[in-house]
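Open the model in your viewer and keep the sequence panel beside it. The tour below goes from stop to stop, saying what to select and what is there.

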Amino acid sequence: MKTILVIDDDVMNLKMATHILENDYNVICAQSGDEGMSVLREKMIDLVLLDLYMPEVSGMEVLREIRQDASIADVKVIILTASGMRADAVEATRLGALDFIKKPFFPTELLERVKKAFQIEKKDRILVVDDDMMNLMLVKKLLGIRYDVVSVSSGAEAIAFLQDQTPDMILLDLHMPEMNGLEVLEKIRSMENLVDIPVIFLTADNERETEAEIFKAGAIDFIQKPFIPEVVIQRISRILELYHYQQSLQLEVDRKTTELRESNRKITNLSTQIMMALAGAIDAKDAYTKGHSTRVASYSRELARRMGKSTQEMNDIYYIGLLHDIGKIGIPDYIINKPGKLTDEEYQMVKDHPKIGAEILENISEMPGISIGANWHHEMYDGSGYPDGLAGDNIPEIARIICVADAYDTMTSKRSYRDILPQDVVKEEIVKGKGTQFDPVIADYMLAMMEEDTNYQMHE
Ligand SMILES: [Fe+2]
């Protein structure tokens, strides 16, 4: 089924057109020129019904933009308009609009005109640039039956034409007064929408240097004058076939890349959101740890940045930090929220949270390192921590980073029995912990971070 894009700022018009066309076609609606352009670039559209008068971007501007974008320049366009201004009709026809439908229209009229538009076989458009009128006429006669030939007699005219039109091919005379063919080509290649357009030189020269020069300038081929009609037609049709094949391939690649990028973005967002939700669930278990996981994650990432880690490593450490306390989910609430001192047995249960967390996270096979933080963030640098009593560099670096960030956030958050600790006290504790609780190097990075935090903003 063919797809029609209707671009109109009037919702009633969109509804009506959809109603009339939807039995025979896929109909997509866009309420503005910008919206219409992005649909055109994302989807395969066979025909555009384009309202001329729209606020912001007018229909004529949309049409011009369509014709300038090589990837969509070929799309069929019918203009919808309430006014019957001749100037509009002339300009739109020049820009390759197939038809005009005056609003309001009858349903049968719209259906008929759309059907007719689909029956029109679109001819490839060839721009011929030659200062010799006889040659122009000859080429037009030769190619006019199969192609839509536009002829101009100077480089300047060609450039003016190409400002808002994208033909499928350019035939360019090499020797012209004022601007010669090579100069014209140089200008053409600098125009964004014409970088890939096939250009064939027409030349009476028979010299090898000219041939080399022509190809070096980026022409796809050259045709010697006087023309041998059959050779001209064959060369042009083969090059055009190849060009369109290449274009549709490129279009397909672009579309797939956009799709892939979009789905990738969604998956990344989804993962982040799930991890944030999990972190929220962890922190919700304890009335006093709201935001703890996200803060530990942020401090860890900042420490990693200062330690010269890559963006990827910084992002990884953020997620690992976010979930470092996930094992608390397995500890009963009454223990986590107990106001008084824990019994030995209760404390033993709290000490299980790293292992519980590691077990939960080990199932995430797409991020193999994600359990590291949960597993070893309570290890101490001198080996006196838990669960495995690892020491020094035997503790994974990520866990050593999270350990510092975790301790910092604990001291700079409120507890039921105390307020946020003063900055100098926290500093002292970090210094005291160097080499015993903390990796001394990472502790120094934390101290540097605190040094810069002159107004003590970095707390809960
Ligand atoms: Fe913990």
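**Stop 1: the iron site**

Select the iron ion; along the chain its donors follow the spacing D-x27-H-x23-H-H. The pair Asp-325 and His-353 links distant parts of the chain, with the two positions 28 residues apart: Asp-325 is in the loop between helix 12 (311–322) and helix 13 (333–336), and His-353 is in helix 15 (residues 353–361). Keep in mind that this is a predicted model. Now show the side chains around the ion: Asp-325 coordinates through OD, and His-353, His-377 and His-378 each through NE2, at 2.2 to 2.4 Å. Which geometry do the 4 donor atoms give the site of the iron ion? The site is irregular, with angles of 83 to 168° among the donors. Colour by accessibility and both Asp-325 and His-353 come up as buried.

**Stop 2: the whole chain**

Zoom out and switch to cartoon. The chain has 19 helices and 10 strands. Its radius of gyration is 35 Å, well over the 23 Å that the globule rule gives for 460 residues, so the chain is more spread out than a compact globule. The C-alpha trace spans about 100 × 60 × 40 Å along its principal axes. Of the 460 residues, 44% count as buried. Among contacts between residues at least 6 apart in sequence, 62% join residues at least 24 apart.

**Stop 3: the loop after strand 8**

Select Pro-177, in the loop between strand 8 (169–173) and helix 8 (181–189). Is Pro-177 buried or exposed? Pro-177 has a relative accessible area of 54%, over the 50% cut-off, and therefore counts as exposed. Draw a distance from its C-alpha to that of Ala-277: the two are 100 residues apart in sequence and 71 Å apart in space. Then select Glu-178, which is in the loop between strand 8 and helix 8. Glu-178 is exposed, with a relative accessible area of 82%. Its phi is near 65°, a positive value in a residue other than glycine.

**Stop 4: two cis peptide bonds**

Select Lys-103 and Pro-104, which are joined by a cis peptide bond with omega of about -5°. Pro-104 lies in the loop between strand 5 (99–102) and helix 5 (107–119). Next, select Lys-225 and Pro-226; the bond from Lys-225 to Pro-226 is cis, with omega near -5°. Pro-226 is in the loop between strand 10 (221–224) and helix 10 (229–284).

**Stop 5: Asn-135**

Stay with Lys-225 and add Asn-135, which touches Asp-130, Lys-225 and Phe-227, leaving out residues up to four places away in sequence. Asn-135 is found in helix 6 (residues 133–143). Its relative accessible area is 13%, and it is buried. Show side chains here: that of Asn-135 makes a polar contact with the side chain of Asp-130, at 3.4 Å.

**Stop 6: the C-terminal segment and the cysteines**

Select Tyr-456, in the segment after helix 19 (440–452). Tyr-456 also has a positive phi, near 50°, in a residue other than glycine. At 17% relative accessibility, Tyr-456 counts as buried.

Finish with the cysteines. How many disulfides does a search of the whole structure find? The search finds 0. Select Cys-29, which is partly exposed at a relative accessible area of 30%, and then Cys-403, which is buried at 7%.

Note on methods
Residues numbered from 1 in each chain as written. Predicted model: local features only at pLDDT ≥ 70, side-chain atom pairs only at ≥ 80, totals over all residues. Heavy atoms only, no water. Disulfide = S-S within 2.5 Å. Buried < 20%, exposed > 50% of the residue type's maximum accessible area, 1.4 Å probe, protein only. Helix = DSSP H or I, 4+ residues; strand = E, 2+ residues; numbered from the N terminus. Polar contact = N/O pair within 3.5 Å; in protein donor to acceptor, adjacent residues only side chain to side chain. Contact = heavy atoms within 4.5 Å. Donors = N, O, S within 2.8 Å, 3.2 Å for Na, K, Ca; no water. Tetrahedral: all angles 85-135°; square planar, octahedral: opposite > 155°, others 65-115°. Rg over C-alpha atoms; globule rule 2.2 N^0.38 Å.
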